[in-house]
Amino acid sequence: MPKKSIFDFMERKRKGEKITWLTCYDYPTAKLMDQAGLDMILVGDSVGLVVYGYPGVEPVKMDQMIYHSEAVRRGAPNVFVIGDMPFLSYHKSVEDAISNAGRFYKEAGVDAIALEGGKRIAPQIRGIVDAGMVVIGHIGFTPQSSAALGGFKTQADTAESAMVLIEDAKAVQEAGGSMLLLEAVPEEVAKIITESLRIPIIGLGAGAYCDGQVLLVADMLGITELFIAKFEKKYTNLAETMLQVFKEYIRDVREGKFPGPEHSNKMKPGEAEKLEKMLRKTR
Ligand code: KIV
């Protein structure tokens, strides 16, 4: 299946065909997502919590995002890959934002970059877009501002705060953003934004009206013990399977059941006897 472009996603919105998106941080998982026919991958800064064990996304550095994006790009050549700009990689100035976004393109070969914020970040979105790159906005609950938002909670659940969010959504589109991720937003508000904007709106905890959905891969596979929000769907419990396999391996090695003859190599015919003779001469 050929890799889709932002124009294909616009067309999908027009036709009412849903867009599928997942987070991913590594080569083998990206390969499977490519084989499954997924539309888009976000190399999210959630890598900080899921892979590095940080308490939040704030410690994640540009270099880490580049390394993971490179691996995902290699694993999923047919999927639209988005690099997530980490905390403070785009806040200081438009120039800084452009050069960090450019690193994702030059060093990891991504198709777009994602950044958090609406109106307040519009100049950075405009700058990156004017430099020829594709920007995906992210508003609602924005993990990089978790402390300022008072921790994880649903956003825009009053009429006043919903008005602010709708203005932020419009600001992303007006600044040249090609798509918008809405996280932890009531479905009524997500519906208004989805129906009033030209660009595709992707939901994470934003209900069924959005043009597409995104989930965190570790949550959907059940390989994390981190807090899982109500809106995440755990499709399986890989942690349980992995734990069983690790325990089985430990038991097998301790009891001499692994490696068996089928996992062992042999010398060429006659060579073991020859070696034995040679060793005997040295004794
Ligand atoms: O980094 C990430 O995984 C995200 C998700 C919340 C989509 O931004």
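A disulfide is a pair of cysteine sulfur atoms within 2.5 Å. The views below show a predicted model.

**View 1. Cysteines and the disulfide search.** Across the whole structure, the search returns zero disulfides. Cys24 has a relative accessibility of 0% and therefore counts as buried. Cys210 also has a relative accessible area of 0%, so Cys210 is buried. The cut-off behind both assignments is a relative accessible area under 20%.

**View 2. The shell around the ligand.** Thr23, Leu42, Gly44, Asp45, Ser46, Asp84, His138, Leu181, Glu183, Leu204 and Leu216 surround the ligand. By class, this shell divides into four nonpolar, four polar and three charged residues. The leucines of the shell are Leu42, Leu181, Leu204 and Leu216. Asp45, Asp84 and Glu183 are also part of the shell, as are Thr23, Gly44, Ser46 and His138.

**View 3. Polar side-chain atoms at the ligand oxygens.** Ser46 places a polar side-chain atom 2.5 Å from an oxygen atom of the ligand. For Asp45, the distance from a polar side-chain atom to a ligand oxygen atom is 2.8 Å. Asp84 has a polar side-chain atom 3.1 Å from an oxygen atom of the ligand. The ligand taken alone exposes 270 Å², and the protein buries 97% of that area.

**View 4. The pocket that holds the ligand.** The ligand takes up the space of the largest pocket. Residues around the ligand include His138 and Glu183, together with Asp45, whose polar side-chain atom lies 2.8 Å from a ligand oxygen atom.

Terms used: Residues numbered from 1 in each chain as written. Predicted model: local features only at pLDDT ≥ 70, side-chain atom pairs only at ≥ 80, totals over all residues. Heavy atoms only, no water. Buried < 20%, exposed > 50% of the residue type's maximum accessible area, 1.4 Å probe, protein only. Near = heavy atom within 4 Å. Polar contact = N/O pair within 3.5 Å; in protein donor to acceptor, adjacent residues only side chain to side chain. Areas by Shrake-Rupley, 256 points an atom, 1.4 Å probe, with all protein chains shown as cover. 1 Å grid on protein atoms, 1.4 Å probe; cavity = no way out; pocket = protein on both sides within 12 Å on 5 of 7 lines; lining within 4 Å. Sits in = over half its atoms within 2 Å of the grid points. Nonpolar A, V, L, I, M, F, W, Y, C, P; charged D, E, K, R; others polar.
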